[in-house]
Amino acid sequence: MTYIEELGRNAKAAEASIASASTMLKNNALAAISKALMENTALIISENAKDLQAAADNGMSEAMQDRLRLDENRIKGMAKGVDELIALNDPVGHIVDGITRPNGLQIVKTRVPLGVIGIIFESRPNVTVDAAALCLKAGNAVILKGGKEAINSNKCLCAVMRDAIQSAGLSADVIQLVENTSREATAELMKLNGYLDVLIPRGGAGLIQAVVKQATVPVIETGTGNCHVYVDSDADLEMACNIVHNGKTSRPSVCNAVESLLVHKDCAEAFLPVIAERFKSHSVKIYGCDKTMAILGSEVSPASDEEYGKEFLDYAIAVKVVDSIDDAIAHIRRFGTKHSECIVTKSLDCAKKFQREVDAAAVYVNASTRFTDGGEFGLGAEIGISTQKLHARGPMGLNELTTIKFLINGDGQIR
């Protein structure tokens, strides 16, 4: 039996106990995790520092290092997120629907855990805690596979959580980490049929597409966010500037950050110099079409299809001046990743048209795409943003980590 198969066997053994665990037991385990995170803050930061030093030595970008970094406030935020899960309703056993058939059969549709969930993710160690806590609350066992750039952080976080849940009365194997950072281990996890019920990749486009193409277990596609803001002809330009600046610079390394800006030709000359000036505070690199370059001059580099289709995850943005809302929607259909899209407009008709015709998990009017987040949507922490249409779409909270079971009760009916 290989190392990955052993993890799968351990998870399957723990699955039954977590699936049938009471809400009180699960909440006690979550409370233990939250407390342990705070008590081990210094240790977690110390282990994270090893990863940060390696990242700096290997030339990782500042934006990506920010994804990797843990400090006291971020650890507090992680613990707070776990506490917030405790307050949320337990989805397991929730009755979704029920009917009594003419023959007397009583059919009840209920929520049950997915089972064993595998999660492959990149450099954000906060995902380690968010994912483990969400899976636990929804009654699932989880196998976590983080990137090698966060291995010390992830090993520490998982050890802290495993000790915590065991002290609360759950099997430590409800949460497991793949400590082998090789590609071979990742490839084996993607083919762990018979153990994994579903695999969720969280990271950049390269990781997600590799999992989608190579996995033989069911996959929920998440995360890639080439998110657009379209500034309509009658937009409030100050509002538009705030929304675009927030979407691009507040945290450029996350999937709900703005990567592309579309501006109606009628307001481009007024708007583009203002947003370009705001971008200077973060040294945002601008790629643009010919019209953008004509307005902003030499500070703009030419944009090709590569830039318009790119998830930069950095202080860079692709800009295009468009003739109409239809042109903007066509551009989004071509280059968007069905994550989050935004229109800034005063026109109710344009707002409705944009929300009706743009195909994405979240479509905004006059608000930042940075709100596409489980916590901001009131779902608690989320496992990721699903950009597909089957099983789950958008922020995946507790309900999305369950499936359906039909319970049928009769008194001797036969067919």
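1. Two strands pair if DSSP finds at least two bridges between them. The strands themselves, like the helices, are DSSP runs numbered from the N terminus (E and at least two residues for strands, H or I and at least four residues for helices). With that in hand, strand 2 (residues 106-113) is a good place to start: strand 2 and strand 16 pair in the antiparallel sense, over eight bridges. Within this pairing, threonine 403 of strand 16 stands opposite valine 112.

2. A word on what you are looking at: this is a predicted model, in which local features need pLDDT of at least 70 and side-chain atom pairs count only at pLDDT 80 or more, while totals for chains, interfaces and linings use all residues. Residues are numbered from 1 along each chain as its sequence is written, and side-chain values use heavy atoms, with hydrogens and water left out.

3. Which strands join strand 2 in its open sheet? The order is 1-2-16, three strands with antiparallel pairing. Strand 1 (95-100) and strand 16 (402-409) are the edge strands, each pairing on one side only. From one strand to the next, the twist averages 20 degrees (axes are lines fitted to C-alpha atoms, and angles run from 0 to 180 degrees between N-to-C directions).

4. Now please turn to strand 12 (residues 340-344). Five of its five residues are buried (under 20% relative accessible area, with a 1.4 Å probe and protein chains only), so strand 12 is largely enclosed by the rest of the structure. Both faces are covered: Ser340, Cys342 and Val344 are buried on one side, Glu341 and Ile343 on the other.

5. What are the neighbours of strand 12? Strand 7 (residues 227-231) runs parallel to strand 12 and is joined to it by four bridges; here histidine 228 stands opposite glutamate 341. Strand 13 (residues 362-365) also pairs with strand 12 in the parallel sense, over four bridges, and valine 365 is the bridge partner of isoleucine 343.

6. Strand 12, helix 15 (residues 348-357) and strand 13 make a right-handed β-α-β unit. Right-handed means that, with the strands pointing away from the viewer, the path from the first strand over the helix to the second runs clockwise.

7. Finally, two loop residues deserve a look. Most residues other than glycine have a negative phi. Leucine 313, in the loop between helix 13 (305-308) and strand 11 (316-322), has a positive phi near 55 degrees, and counts as buried at 15% relative accessibility. Asparagine 366, in the loop between strand 13 and strand 14 (385-386), has a positive phi of about 55 degrees; at 28% relative accessibility asparagine 366 counts as partly exposed (between buried and exposed, the latter being over 50%).
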